[in-house]
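Grab a pencil and work through these exercises with the model open beside you. Try each task before you read its solution.

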Amino acid sequence: MRIDILTVVPELLESPLSHSIMKRARTKGLLEVNIHHLRDWAVNEYGQVDDYQYGGGAGMVMMPEPLANAIEALSAKTRYDEIIYMTPDGPPFNQSTANQLSLKENLLIICGHYKGIDERIRQHFITMDISIGDYVLSGGELAAAVVVDAVGRLLPGVLNDETSALFDSFQDNLLAPPVYTRPADFRGLKVPDILLSGDPRKIEEWRHDQSVQRTADRRPDLHQSSD
Ligand code: 6GU
């Protein structure tokens, strides 16, 4: 899978996508991430990409020309399955969206800054909006890193048996069960006996029960929803 990201702050994306599982995915060639600087398509020698908003009001808006030129230049080289705009007014991102995006070949992600991007770019170029939750970030970059991580780890070959995504929270609308490691007795706090029993069927049953219990206690809303 190839993901191109368009941003005015490339530094915000580099580190989150260069370590751990994202590093492995990219090194293995399973995920190609290209970060593009919008200033390369600035309207003047000062690197301008934003301007005051029509109608007045505080905050700058990202100008249509740099975005349109950048999107067209990138689209001439790659046929994108989706051109995604990261925005708090988009539909909330979840595991189901991550699963769907992991099946695509080429994605272009646009990170907004300031007050956002000119509405005409949204109407004419953007095919999908994504928000990562009901709060406002200073820009779309951290949100884009969240989406790339959530999608990238689902690509075949990125995770191994030990890190498999199949048992992640949310994959079946259930939260993951509690986990324990050595020692079996930590300051008098014991690991549940069943996990030491060596009975795989019982352990699986216990884990499922714990998942159901946890979900009912903490996220009753998840129980109702389903893919
Ligand atoms: Cl995608 N962008 C920004 N700027 N803020 C957000 C967001 C995205 N999702 C939640 N808050």
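**Exercise 1.** Find which backbone N or O atom lies 3.5 Å from a nitrogen atom of the ligand, then look for other polar contacts.

*Solution.* Step one: the backbone N or O atom belongs to G139. That pair makes the cut as a polar contact, meaning N or O atoms within 3.5 Å. Taken alone, the ligand exposes 280 Å², and the protein buries 96% of that (areas by the Shrake-Rupley method with a 1.4 Å probe). Step two: a polar backbone atom of L137 is 3.1 Å from a ligand nitrogen. Step three: S131 uses its side chain, with an N or O atom 3.4 Å from a nitrogen of the ligand.

Before you go on, remember that this is a predicted model, where local features need pLDDT of at least 70, side-chain atom pairs count only at pLDDT 80 or more, and totals for chains, interfaces and linings use all residues. Residues are numbered from 1 along each chain as its sequence is written, and side-chain values use heavy atoms, with hydrogens and water left out.

**Exercise 2.** Work out how many residues of each class make up the shell around the ligand.

*Solution.* Start by listing neighbours (a heavy atom within 4 Å): among them are M86, T87, P88, I130 and Y135. Next, sort by class: Ala, Val, Leu, Ile, Met, Phe, Trp, Tyr, Cys and Pro are nonpolar, Asp, Glu, Lys and Arg are charged, and the others, Gly among them, are polar. You end up with seven nonpolar, five polar and no charged residues.

**Exercise 3.** Find which residues a cis peptide bond joins.

*Solution.* First, check omega: at about 5°, the cis bond joins R182 and P183. Most peptide bonds are trans. Then place P183: it's in the loop between α6 (141-152) and β8 (185-186), with helices (H or I, at least four residues) and strands (E, at least two) taken from DSSP runs.

Notes
Polar contact = N/O pair within 3.5 Å; in protein donor to acceptor, adjacent residues only side chain to side chain.
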